[in-house]
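Subject: Structure for your review

Dear colleague,

Here is the structure I promised to hand over, followed by notes on what was found in it. Please read the notes with the coordinates open beside them.

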Amino acid sequence: MTNYYLGADMGGTLIKIAIVDDKANVIEEAVVNTDINASPKSVIENIVEVFKKFKNYNKVKTIGIGIAGDIDFKQGIVRFSPNLPKWNKVQLKKDIEKLTGKTVFVDNDANTAAIGAYWLDVKAKADNMVCVTLGTGVGGGIIINKKLFRGNSGTAGEIGHITVVPDGRKCNCGNYGCAETYIGVRHIVKETIDLLKTKKSKYIVKLANNDIEQITPKLLSQAAEKGDVVAKKVWNNAGEKLGILLADIIDFFNPDCIVLCGGISNAGDLIIKPAKEQIKKRAFKTAAKACRIIVSKYTSKLGVVGAAMLVKN
């Protein structure tokens, strides 16, 4: 008999909801807009209504929720979420269980992305895996002996705040030189704008319609593919810092594989090639050779699938 699991990935713009089977195949899915101005109670009631519209809802015994922020996964409490300003000390597990009568699991969205990568990209065949999310920020999740590792207080996997440049750029976390300040979207765009003040670009400004506010990682990839010197330099710099970070992860965790996901990972070889060069220079050779670097093919589904599969972790 096939088991079904329900998951929700609660982002600041969209809430993705899905029912998946034992092998993490998506059976049903829906997407709703996130109303950041609505009360948590209203949002919770709305998504539960969406849950109940699924034809396989009655076959589901558990619900998993992934959400950005400071999450008490044991109690299922959202202490704080940067994407949802009104969500402070929200008893998410308790509230949804009351409305559904089903067992609910709540965790940080980087952890649910890691679980999603474990099931979708790795097909649950690796013992030890690290997932690195490359987007607005840089996050991560750690799988050890096929189980999610959360650490003592639930904050394991804050990979974006590993220092890659001592006394480097100031990070929002208060530290200096965090990986996030060199690989995150905002910082990549800012570095591009700074370089354009002193270097000529053949394609960036043109592709941005002479408006630097329109510069995005996708645009930078297009420019670099056309041979733009500035865009290539930006991606090379980001790739080098990513490589330093991955070399540290390889030496510390000795994982079977590292899965890269998120918008920045779509740059492909533009960022992966310089990263691998740094790994070759810095990581233990045996550990580096044993670790596969995988770019996720399922970035948009990792969070919701991982949330659904929380019950298995």
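Ile 188 touches Tyr 182, Ile 183, Leu 220, Val 234, Trp 235, Ala 238 and Ile 264, if residues up to four places away in sequence are not counted. Please keep in mind that this is a predicted model. Ile 188 sits in helix H5, which covers residues 185-196, and with a relative accessible area of 1% it is buried, since that value is under 20%. Between the C-alpha atoms of Ile 188 and Ile 215, which are 27 residues apart along the chain, the separation is 9.8 Å.

Helix H3 and its packing come next. The twelve residues of H3 should span 16 Å at 1.5 Å a residue, and the end C-alpha atoms of H3 are indeed 16 Å apart, so the two values agree. Because eleven of its twelve residues are buried, H3 is largely enclosed by the rest of the structure; the buried residues are Ala 110, Asn 111, Thr 112, Ala 113, Ala 114, Ile 115, Gly 116, Ala 117, Tyr 118, Trp 119 and Leu 120. At the start of this helix, the backbone nitrogen of Ala 110 has a side-chain oxygen of Asn 108 within 2.8 Å.

How do two packed helices get described? By the angle between their axes and the distance between the axes. For H3 (residues 109-120) and H11 (residues 299-308), the axes come within 6 Å and cross at roughly 95°, which means that H3 is roughly perpendicular to H11. On the H3 side the contact involves Thr 112, Ala 113, Ile 115, Gly 116, Ala 117 and Leu 120, and these meet Lys 301, Leu 302, Gly 303, Val 305, Gly 306 and Ala 307 of H11. Sorted by character, the residues of this contact are seven nonpolar, four polar and one charged.

Thr 133, a residue of strand E9 (residues 129-134), is in contact with Ala 113 of H3, and also with Val 138, Gly 139, Gly 140 and Cys 261, leaving aside neighbours within four places in sequence. The relative accessible area of Thr 133 is 18%, and it therefore counts as buried.

Helix H9 (residues 269-282) passes the length check as well: its 14 residues should span 20 Å at 1.5 Å a residue, and its end C-alpha atoms are 19 Å apart, which agrees. Its buried residues are Leu 270, Ile 271, Ile 272, Pro 274, Ala 275, Gln 278 and Ile 279, and what covers them includes helices H4, H7, H8 and H10 together with strands E12 and E13. In the loop between E12 and H9 lies Ser 265, which is buried at a relative accessible area of 1% and which, beyond its neighbours within four places in sequence, is in contact with Leu 134, Leu 260, Val 295 and Thr 299.

Is Asp 256 buried or partly exposed? At 30% relative accessibility, Asp 256 counts as partly exposed, and its place is in the loop between H8 and E12. Apart from neighbours within four places in sequence, Asp 256 is in contact with Ala 126, Asp 127, Asn 128, Ala 290, Cys 291 and Arg 292; a polar atom of its side chain lies 2.6 Å from the backbone nitrogen of Asn 128. From C-alpha to C-alpha, Asp 256 and Leu 84 are 35 Å apart in space and 172 residues apart in sequence.

With best regards

Conventions:
Residues numbered from 1 in each chain as written. Predicted model: local features only at pLDDT ≥ 70, side-chain atom pairs only at ≥ 80, totals over all residues. Heavy atoms only, no water. Helix = DSSP H or I, 4+ residues; strand = E, 2+ residues; numbered from the N terminus. Expected span 1.5 Å × (residues − 1). Buried < 20%, exposed > 50% of the residue type's maximum accessible area, 1.4 Å probe, protein only. Contact = heavy atoms within 4.5 Å. Axes fitted to C-alpha atoms, helices over the stretch in contact; angles between N-to-C directions. Parallel < 35°, antiparallel > 145°, perpendicular 65-115°, else oblique. Nonpolar A, V, L, I, M, F, W, Y, C, P; charged D, E, K, R; others polar. Polar contact = N/O pair within 3.5 Å; in protein donor to acceptor, adjacent residues only side chain to side chain.
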